[in-house]
Amino acid sequence: SRAPFSNPLLSGLPLAMASPEALRLLQEAVLAILSITSSGGDPSGKAARNAWGDLKTGVNQAGAHLGEVMAEVTDERSSVLGFIGDFGAGVKMYRAQAEAMALSLLKLPDWEAAANRDPALKAKLVQLGKKIEDKFGPAPELPKAPEPSASPVPAAAAAAARAAEAAARPLAVSPVVAPTAAAAVAAAPEPAPAATPEAFVPPPRDIPASAPAFVEVAPRKPSKGPVSSVASAADETRNMLRSGFKAMADIHFEIEDAKGDTEKAMSVFNELAPAVSRAHFEYTRHTRPRTDLNSEDTASEAGTPHSVPSRPTFGFETDYLAETLDGLAWEPKAVLKFMHSLRMAKRIHSNRIHSVATMLTQISPTYRDAVRSDQFLMKWLGVIRGESEPLHLVSYGFASSLRWATWHAGWHWVHRRRNKTDVSEKHHKIWTSRKESLTQSSELPKEVIEKLLDAAWSAVQHCVIQRWPEEGRGLRQTMMSWIKPSDDEGPLKDEFLEHFQCIEDSKALQESLCGDLSWMIWNMAWHVANKSKNYSTDSQQALVRAERHLQRAFRGVNQWRGVNLGGWFLLEPGPCTHFWEKLPPQAKAQHCEWGACAALGPDEAARRLREHRKTYFTKEDFAEMKAAGLTHVRLPFGAWCVVGPRPGEPYVGPCLDQLDQAMNDLEAAGMNVLLDLHGTPGGENAEPPCGRKDDNWCSQHWSAEESLKVLGIVAKRYAGRSCVCGIGVMNEPSETHPAQNLTKYYEDAVEVVRRAGMRAGSVAVVLPIFTEYRIGEFLGLWEQNFAAYEDCVFDVHFYQCFGRVWSMKSLEGHMEAAKTREATLRSLPMCCVSEWSIAFPGGVAPSDEVKLKETYKRFGEIQLKAYETATHGWFFWTWKDSAGIDWNLQECLKQGIIEVPKGGRDSDMYRP
């Protein structure tokens, strides 16, 4: 049994009562059950199963003291019994256990009386099994719902009338309640600790030295017995939070000095978690309107039906808990990073720790702001929103499902106009399935989702009718479908705009998100209509715009702003000159990792490479990057680092232990990582960046099959890392590779990565387009099968120092060329610039040192302005490089040549 739980609610209980563990489990289980039942959650879903596990374990541990414990825990007997009935009915394999659980509670007089008072509850329990039926008798007859009266209005006309009425009235949006299922996860029984847990690494201390660890609050005497009033509930919760946060604030410094005491940190978390769960439950319960949106009582004084009800006034102060939390806690980012560090050391408790951190952000505006201002925390905790705040982002899954629903609706109408009934019905069935799935989502209010789907239906009808008009056939119809934008009007377009006006008026979504979803739908509708008429250019442009709006609805204004860690797990002379300088003359003469390793011999190469990989980049480097405003790094590695060298290759590997340590250090520093398979088996080109300079190389040397194997291993190994933002499938494929071969490999790579556990919406798959002159070729192939590219990113490299074409340009010509990058990036559906520098060809940049610095600074500013328009972001090449300051971001930052943009980018920079 673990140490007694220090909960003020439990003070004064007799020592003979059941163990504190039973009290904790039952209290948290009941809080989770009330959250599920009050918010209309799924009684057989994951949250319900977690609550059921806690309830069953707590009842078993309480034993003979069950009556005393349950009297202390709750007086919501009907709700708990109703949950047991619903759970047993919904999950048949647990029906016998649910019956046994209900019988145990019904032995308690108060619980039996509660069931006898409610015929509906009694009927629900009787359905669990014969033993309860023997106790209560047959299920009582419940009053039947009145039969709908016959109407002389035909069904189709009635449906049309209802649809018109719904479109005309204002949208009534149910309040979006922060998910309370996390309360059940937070209190889930802890599994056995891992055999070899990772060491707990406390986060960097970012609390001012002069700041107190916590703010003292005069405690009130905790009540004994059940909490009977809202005010006392708030007081008890306040005391619980105070105790938990004081312990966390104290232990933070103690652990930091002791270099990590994982078990002590976990014990403090176990004390804080139930307090946060209770605060979350109280906050959501007492800030939720209790009026039915569909009842006539919700009408405003002006008589408008279905208006949004005003928030009711309670004795409970709705900001009380948030203010208390903000007052008791030390720096919010430090609290959340403390939890993330603990999560890394205790991976078996990952979900529970994540749930508690999420609940903190839901009840505290200060914590929400802390997450939104830190991309590392944003990546870990996802989209965060308060109780009454409009949504500013949606998940990738939701946005993608809405896009696909629109696509199938469009093709349904196209084939309907073509009189292809079978194909039309096929798409309509998929549209209906997508529609049902979306309306069941809890991500947005149901009314908003229905309006989005209505808008999509109107949009596709409008676009298809414009391209396939009723009047005329053949040439006449084709000529009528050539419309100008000024002629693109009609009642269905008006309906589309009215639906989104209702959504905007509801204030459920921020204006930017509302706009992105509307234009995503509109452009997807036009893509289908144009595709059906073989208007290839218009079709592709509409699809690109739809994808960019989807990315902004999912990503917002967050961006990858990063640097490459070149020369670490794949050697190149420039980025790691200090390594080359120490080599013997024969090895020093080589210009690639292959040549250096071959010259050194296997033993000496292994010794030198292992030491280099251990020391080249340090925690101090990562801290300097973070302080400069960088949020991401791109980590290039060779395939031999993962699976070892192929027969006959001189490379040194595998070195997964060192790659693991690099990931640990980067995650502890708060950096997000783009893993990049920089050197594929056989090489993707003949140049040193892929590991070997080989004049005899040809495209047949590259092995796509072995490359996919490496990607699968890496993806599976790092799928659970919250710091991983993307995985690159290769670096710079030679232009001798046919585009069809590469896109086949890309599509296979996406499938391998997703199957390994890196899911769309969590990790992007990065696909290179090299060089930029092949963009049009790849865009055409992408459009043909864009369904295979869920959450993918096209990667381009922009250098203006290689090749004769750049040597012929003047300095001003280089500046103007850099400005054109913005238009190039806007032509791509999803993109990042994973390599760029401020290097010029020889003889272009001025020789005067002052003028050269000014030129570099201007060149960097122009490029950064362009690269901020990429949907995902950019990475400078590289952090340190002896080839010159134009390749060395560390020195550029020190000398003020490059300044990393701060905060979220301007949304206008992100438009299609």
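Two residues are in contact when heavy atoms of each lie within 4.5 Å. In this predicted model, contacts between residues at least 6 apart in sequence join residues at least 24 apart in 78% of cases. The tour below begins with the whole chain and then moves to selected places.

**The whole chain**

Display the full chain of 912 residues, of which 55% count as buried. Its secondary structure comprises 39 helices and eight strands.

**Helix α5**

Select residues 95-106, which form helix α5. For its 12 residues, a rise of 1.5 Å a residue gives an expected span of 16 Å, and the end C-alpha atoms are indeed 16 Å apart. Next, highlight Ala98, Glu99, Met101, Ala102, Leu103, Leu105 and Leu106, which are buried residues of α5. To see what covers these buried residues, add α2 (46-62), α3 (66-73), α4 (77-90), α6 (109-117), α7 (119-126) and α8 (130-136), which are included in that cover.

**Helices α15 and α16**

Proceed to residues 350-363, helix α15, and residues 365-372, helix α16. Their axes come within 5 Å and cross at roughly 115°, so α15 is roughly perpendicular to α16. On the α15 side, show Leu360, Thr361, Gln362 and Ile363; on the α16 side, show Pro365, Tyr367, Arg368 and Val371, since these residues make the contact. By class, the contact of α15 with α16 has five nonpolar residues, two polar and one charged.

**Helices α18 and α23**

Now select helix α18 (residues 396-417) together with helix α23 (residues 511-532). The two axes come within 9 Å, with a crossing angle of roughly 35°. The crossing of α18 past α23 is right-handed. From α18, display Ala399, Leu402, Arg403, Thr406, Trp407, Gly410, Trp411 and Val414; the residues they meet in α23 are Leu517, Met520, Ile521, Met524, Ala525, His527, Val528, Lys531 and Ser532. The contact of α18 with α23 divides into 11 nonpolar, four polar and two charged residues.

**Two positive phi angles**

Which residue in the loop between α22 (491-506) and α23 should be selected next? Lys507 is found in that loop. Its phi is near 65°, a positive value in a residue other than glycine. Is Lys507 buried or exposed? With a relative accessibility of 60%, Lys507 counts as exposed, because the exposed class begins over 50%.

Move on to Asp791, in the loop between α34 (775-784) and β6 (792-798). Although Asp791 is not a glycine, its phi is positive, at about 50°. Asp791 has a relative accessible area of 2% and is therefore buried, the limit for that class being under 20%.

**Helix α34**

From Asp791, turn to helix α34, where Ile775, Phe778, Leu779, Leu781, Trp782 and Glu783 are buried. The cover over the buried residues of α34 includes α23, α24 (536-555), α33 (739-755), β6 and α37 (821-826).

**Two cis peptide bonds**

Select Gly653 and Pro654, which are joined by a cis peptide bond with omega at about 0°. Pro654 is located in the loop between α30 (640-643) and α31 (656-668).

Finally, select Trp877 and Thr878. The peptide bond from Trp877 to Thr878 is cis, and its omega is near 0°. Thr878 belongs to the loop between β8 (873-876) and α39 (889-894).

Terms used
Residues are numbered from 1 along each chain as its sequence is written. This is a predicted model: local features need pLDDT of at least 70, side-chain atom pairs count only at pLDDT 80 or more; totals for chains, interfaces and linings use all residues. Side-chain values use heavy atoms; hydrogens and water are left out. Axes are lines fitted to C-alpha atoms, for helices over the stretch in contact, and angles run from 0 to 180 degrees between N-to-C directions. Helices (H or I, at least four residues) and strands (E, at least two) are DSSP runs, numbered from the N terminus. Angles under 35 degrees count as roughly parallel, over 145 as roughly antiparallel, 65 to 115 as roughly perpendicular and the rest as oblique. Ala, Val, Leu, Ile, Met, Phe, Trp, Tyr, Cys and Pro count as nonpolar, Asp, Glu, Lys and Arg as charged, and the others, Gly among them, as polar. A crossing is left-handed if the near helix is turned anticlockwise from the far one by less than a right angle, and right-handed if clockwise. Buried means under 20% relative accessible area, exposed over 50%, partly exposed in between (1.4 Å probe, protein chains only). The expected span of a helix is 1.5 Å times one less than its number of residues.
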